[in-house]
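Open the model in your viewer and keep the sequence panel visible. The stops below are meant to be selected one after another.

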Amino acid sequence: MARSVVILGTQWGDEGKGKIVDLLAHDADAVVRFQGGHNAGHTLVVDGRKTVLHLIPSGILTDRARCLVGNGVVVAPDALLGEIAGLESAGIEVKGRLGLSSACPVILACHEALDRAREKARGKKAIGTTGRGIGPVYEDKASRHGIRLADLADPARLADKLGGVLDYHNFLLRHYYEAEPLDVARVADDAARQGEALKPMLCDVTDELHTLRRQGRALLFEGAQGALLDIDHGTYPFVTSSNTTVGGVMTGAGVGPGDIDYVLGITKAYTTRVGSGPFPTELDDENGRRMAERGVEFGATTGRPRRCGWLDAVALRRMVRINGVTGLCLTKLDVLDGFASVKVCVDYEGVDAFPLGAEEWARARPVYETIPGWEGDTRGITDAADLPSGARAYLDRIETLVEAPIHMLSTGPEREANVIFQHPYG
Ligand code: GDP
Ligand code: IMO
Ligand code: MG
């Protein structure tokens, strides 16, 4: 029986990871974020009530699982404190169940300011970031002058490090981007207050995970973003700044490959993308508009409309391989109900190898296979026997094209709306 499951997006994010994490969290003793930050927006619908989580692991609405934020996650303290307050005012106990790695890099106001200044400077070449400071904070981590949660919680350490970091960022803002610099004293005061508030939740996430693992407990790792937004394997430079692929679990939580028993790849039955960048199967027609409308495709973090298109089996197969996907969960199948036919991209023309950067991606033109649509409604079904035969044929074709089994199907936003062919926890 699988005791340690990883959930990853296999497209450009928003595949429905949060919903599936919430569902599987009932079988988990700990739910762990390992990369990204509050650029993520994970939507849970429980008892008719919608909750959007950005930093807090999506196990928080179940009452058992410990919720952990690993060292690979970049933490914006006020966003986190606001999220905690929002949940607690809705009667959900958070502070006693949430553990934050002391090694998490901290997002400061200057990171957000730099993110915005860079996007503005890029003009037409803007990435369309979430504006949450994600790129700049990961840059600070890599250049080894970043502030971590442990620094925030220790006034002497904070005072020693913060001034230099802020001077550097303010210099860039003022002289390179011609943007407003930040008030150093104000950032320092905020940081000290935030450190005080977060201190009780700091812990050694890696050690907790190893203890749970030794006790034979079940772990659930929650990916943010999607594999095509991975800094190394995605549509560079139109990507996020972390490794969203499976390696991120190891570096971002401190576990080994042997600590992973099962990798669940989440994919929509079609494709969406928010922000700029290549998207070979993007549609600008009635079909795309129908997907956007039926799928309510607006970003959970920024509210931007998501671009929509057909399922890309070429990209998906590559992401299945990169992540060592054990099984797939296909979400939002119900959105395709009522289409006369659906298309799947089975090859790219214009490139002779899998595209590795935006320039190659721009040359990739999709070659489609057309599959008949299906009669009947898949919305909310929970029994495989209720699947229309046409929908079953679509799933079978995807499994063959991407060389991975579909173990789960999501048929609506609600926690219960799933068909489970093979449960990741056995
Ligand atoms: P995440 O970032 O991967 O967690 O996904 P988001 O929450 O950003 O976006 C997924 C959206 O689709 C949310 O609004 C979910 O409530 C919704 N959703 C998830 N699964 C399904 C499904 O099977 N069918 C439909 N119609 N909506 C779904
Ligand atoms: P979840 O976890 C969809 C996109 C942004 C932008 C690019 C870089 O909800 O699936 P960043 O702010 O990370 O520097 O932006 O990545 N992006 C997402 N798109 N879902 C997400 O998260 C995303 N997080 C970042 O739109 O194109
Ligand atoms: Mg999302």
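A polar contact is taken here as a pair of N or O atoms within 3.5 Å. The model is a predicted one, and every distance below is computed from its atoms.

**Stop 1: ligand 2**

Select ligand 2 and the residues around it. There are 21 of them, and those that come nearest are D14, K17, H42, T130 and T240. Which side chain places an N or O atom 2.6 Å from an oxygen atom of ligand 2? That side chain belongs to T130. Next, show the side chain of N39, where an N or O atom is 2.9 Å from an oxygen atom of the ligand. For Q225, display the backbone: a polar backbone atom of this residue is 2.8 Å from an oxygen atom of ligand 2. Taken alone, ligand 2 exposes 540 Å², and the protein buries 98% of that area.

**Stop 2: N39**

Stay with N39 and hide the rest for a moment. N39 sits in the loop between β2 (30–33) and β3 (42–46). Is N39 buried or exposed? With a relative accessible area of 10%, N39 is buried, the cut-off for that class being under 20%. Its side chain also makes a polar contact of 3.4 Å with the side chain of T240. Now bring back the residues that N39 touches, leaving aside neighbours within four places in sequence: T130, R132, I134, Q225, T240 and T301. Of these, T130 and T240 were already named among the residues nearest to ligand 2.

**Stop 3: ligand 1**

Move to ligand 1, which is surrounded by 19 residues. G16, K17, T43, D334 and S410 are the closest. K17 is also on the list of residues nearest to ligand 2. Select T43 and measure from its side chain: a polar atom there lies 2.6 Å from an oxygen atom of ligand 1. S410 likewise has a polar side-chain atom 2.6 Å from an oxygen atom of this ligand. At G41 the backbone is what to look at, with an N or O atom 2.8 Å from an oxygen atom of ligand 1. On its own, ligand 1 exposes 580 Å², of which the protein buries 94%.

**Stop 4: helix α13**

Select residues 389–402, which form α13. The helix has 14 residues and reaches 20 Å from its first C-alpha to its last, close to the 20 Å expected at 1.5 Å a residue. Colour G390, A391, Y394, L395, I398, L401 and V402, which are the buried residues of α13. Why do they lie on the same side of α13? They do so because they cover an arc of only 145° around the axis. In general, an α-helix has 3.6 residues a turn, so residues three or four places apart point the same way. Turn to the face away from the buried side and you find the exposed residues S389 and T400.

To see what the buried residues of α13 pack against, add β12 (311–312), α11 (313–323), β13 (327–331), β14 (341–349), β15 (365–372) and β16 (406–410). Just past the helix is E403, with a positive phi near 60°.

**Stop 5: helix α11**

From that set, keep α11. Its buried residues are A313, V314, A315, L316, M319, V320 and N323. D312 caps the N-terminal end, with a side-chain oxygen 3.1 Å from the backbone nitrogen of V314. Just after α11, G324 takes a positive phi of about 55°.

**Stop 6: E119**

Go to α3 (residues 109–122) and pick E119. E119 is buried, with a relative accessible area of 13%. What does its side chain meet? One polar contact, of 2.6 Å, joins it to the side chain of R122. A polar atom of the E119 side chain also lies 3.0 Å from the backbone nitrogen of T129. Not counting residues up to four places away in sequence, E119 touches A126, I127, G128 and T129.

**Stop 7: V69**

Finish in strand β5 (residues 66–69) at V69. V69 is buried, with a relative accessible area of 1%. Outside its neighbours within four places in sequence, V69 is in contact with R33, L55, P57, V75, L98, G99, L100, S101, C104 and V205. For a last distance, select I381, which is 312 residues from V69 along the chain; their C-alpha atoms are separated by 33 Å.

Definitions and conventions: Residues are numbered from 1 along each chain as its sequence is written. Chains are lettered from A and ligands numbered from 1 in the order in which they are written. This is a predicted model: local features need pLDDT of at least 70, side-chain atom pairs count only at pLDDT 80 or more; totals for chains, interfaces and linings use all residues. Side-chain values use heavy atoms; hydrogens and water are left out. Helices (H or I, at least four residues) and strands (E, at least two) are DSSP runs, numbered from the N terminus. The expected span of a helix is 1.5 Å times one less than its number of residues. Buried means under 20% relative accessible area, exposed over 50%, partly exposed in between (1.4 Å probe, protein chains only). The arc is that of the directions from the helix axis to the C-beta atoms. Contact means heavy atoms within 4.5 Å. A residue is near a molecule or strand if one of its heavy atoms lies within 4 Å of it. A polar contact is a pair of N or O atoms within 3.5 Å; within protein, one must be able to donate a hydrogen and the other to accept it, and residues adjacent in sequence count only if both atoms are side-chain atoms. Accessible areas come from the Shrake-Rupley method with a 1.4 Å probe; for residues, only the protein chains shown count as cover.
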